[in-house]
Amino acid sequence: MSTDLSPRESHPSEPFEVTKQLARELVRETGVDGVGVAVFATESTRDLVYASDGVAEELDETQFTLGEGPCLDAFRFDSPELHADMAGGEARARWPLFTAQVLGLGAASVYAYPLGGGGSPFGVLELYGSSPIALAPSEDVKCRSYAHTIAHAVLAELAPVYALTSGSDVGVFRRGNVNIASGILAAYHRISVDEAMVRLRARAFSRQHRITAVAQGVIAGDRFDTGD
């Protein structure tokens, strides 16, 4: 599997076409049930480039909302996080809120591989299994190889020529609304952007809503208070 993008791949017809294609191949070639690819700006600011299904999307969304989970730690520490049984003691001890949420989503195992381009990681390849089963050694090797190739694809497709417009795939870079909403709340309540993000996360968690949906409400005019 080459990391070089072919002429056909260098001019995708949709945002992150090559990245999505590689992610779909990975699901077919391993025992995982779903996959997601996330790109980070900071630990608390990232966008989901691709999710193979609703569970993969919710898995990423839950970590973004709670601020904890294996995918975040894979990025923070630039090291794979392989958890065959999310109901086990280690996962519960490290991410108690996330573990409780993710088991309800139907993800019994979670694996995360940092995406790097020769330096610090800029994203994460997120995978899940519906059963508490460890990846076979050959599958782990394949995931690491795909993570390397997907990293190259993402970097190529993040180039300015692929800049998205408001008419582009609505499933890409929706998290930009979270950053905008944080800025709105920070200005309105005269608080820091970090504090605004905390309030967004708290609102999403307490009401069991997606943080992107809460952010959209702020953009539409909701200026919730600390007591809300």
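Glycine 221 comes after helix α9 and has a positive phi, near 130°. The model described here is predicted. Its secondary structure comes to nine helices and five strands. Of the 228 residues in the protein, 46% are buried.

**Helix α9 and its surroundings**

- Which residues of α9 are buried? They are Ile211, Thr212, Val214, Ala215 and Val218.
- Seen down the axis of α9, these buried residues fall within an arc of 160°, so they line one face of the helix.
- Ahead of α9 sits glutamine 208, in the loop between α8 and α9.
- Glutamine 208 has a positive phi, near 55°, although the residue is not a glycine.
- Glutamine 208 counts as exposed, at 52% relative accessibility. The cut-off for exposed is over 50%.
- Arginine 203 and aspartate 222 form a salt bridge, with 3.4 Å between the closest N and O atoms.
- Arginine 203 belongs to helix α8 (residues 193–207), while aspartate 222 belongs to the segment after α9 (211–219), so the salt bridge ties together parts that are 19 residues apart in sequence.
- The two partners are covered to unlike degrees: arginine 203 is buried, with a relative accessible area of 7%, whereas aspartate 222 is partly exposed, at 33%.

**Salt bridges around aspartate 73**

- Side chains of opposite charge can pair when their charged atoms come close.
- How many salt bridges does the structure hold? It holds eight.
- A network of salt bridges links Asp73, Arg76, Glu81, Glu90 and Arg94.
- Within this network, aspartate 73 meets arginine 76 through their side chains, at 3.1 Å from N to O.
- Aspartate 73 and arginine 76 are three residues apart in helix α3 (residues 70–77), which means that about one helical turn separates them.
- Aspartate 73 also meets arginine 94 in a salt bridge, at 3.0 Å from N to O.
- That second pair links distant parts of the chain: aspartate 73 is in α3 and arginine 94 is in helix α4 (residues 89–94), 21 residues apart.
- Is aspartate 73 buried or exposed? Aspartate 73 counts as buried, because its relative accessibility is 8% and the cut-off for buried is under 20%.
- Both arginine partners are partly exposed: arginine 76 has a relative accessible area of 32%, and arginine 94 has one of 33%.

**The loop after α3**

- Where does aspartate 78 lie? Aspartate 78 lies in the loop between α3 and β3.
- Phi of aspartate 78 is positive, near 50°, in a residue other than glycine.
- Aspartate 78 is partly exposed, with a relative accessible area of 44%.

**Strands β3, β4 and β5**

- Strand β3 (residues 81–83) and β4 run antiparallel and are joined by three bridges.
- Leucine 82 has tyrosine 111 in β4 as its bridge partner.
- How many bridges pair β4 with strand β5 (residues 121–129)? Eight bridges do so, in the antiparallel sense.
- Two of the residue pairs can be named here. Alanine 112 has glutamate 126 in β5 as its bridge partner, and proline 114 stands opposite valine 124 in β5.
- Strand β4 (residues 109–116) is mostly covered, with seven of its eight residues buried.
- In β5, nine of the nine residues are buried, so this strand is largely enclosed by the rest of the structure.
- In a regular strand the side chains alternate between the two faces of the sheet.

**Helices α1 and α6**

- Two packed helices are described by the angle between their axes and the distance between the axes.
- Helix α1 (residues 17–29) and helix α6 (residues 137–157) have axes that come within 8 Å and cross at roughly 170°.
- α1 and α6 are therefore roughly antiparallel to each other, since angles over 145 degrees count as such.
- The crossing of α1 and α6 is left-handed.

**Order of the elements**

- From the N terminus on, the elements run α-β-β-α-α-β-α-α-β-β-α-α-α-α.

How values were computed. Residues are numbered from 1 along each chain as its sequence is written. This is a predicted model: local features need pLDDT of at least 70, side-chain atom pairs count only at pLDDT 80 or more; totals for chains, interfaces and linings use all residues. Side-chain values use heavy atoms; hydrogens and water are left out. A salt bridge is a side-chain nitrogen of Lys or Arg within 4 Å of a carboxyl oxygen of Asp or Glu. Helices (H or I, at least four residues) and strands (E, at least two) are DSSP runs, numbered from the N terminus. Buried means under 20% relative accessible area, exposed over 50%, partly exposed in between (1.4 Å probe, protein chains only). The arc is that of the directions from the helix axis to the C-beta atoms. Two strands pair if DSSP finds at least two bridges between them. Axes are lines fitted to C-alpha atoms, for helices over the stretch in contact, and angles run from 0 to 180 degrees between N-to-C directions. Angles under 35 degrees count as roughly parallel, over 145 as roughly antiparallel, 65 to 115 as roughly perpendicular and the rest as oblique. A crossing is left-handed if the near helix is turned anticlockwise from the far one by less than a right angle, and right-handed if clockwise.
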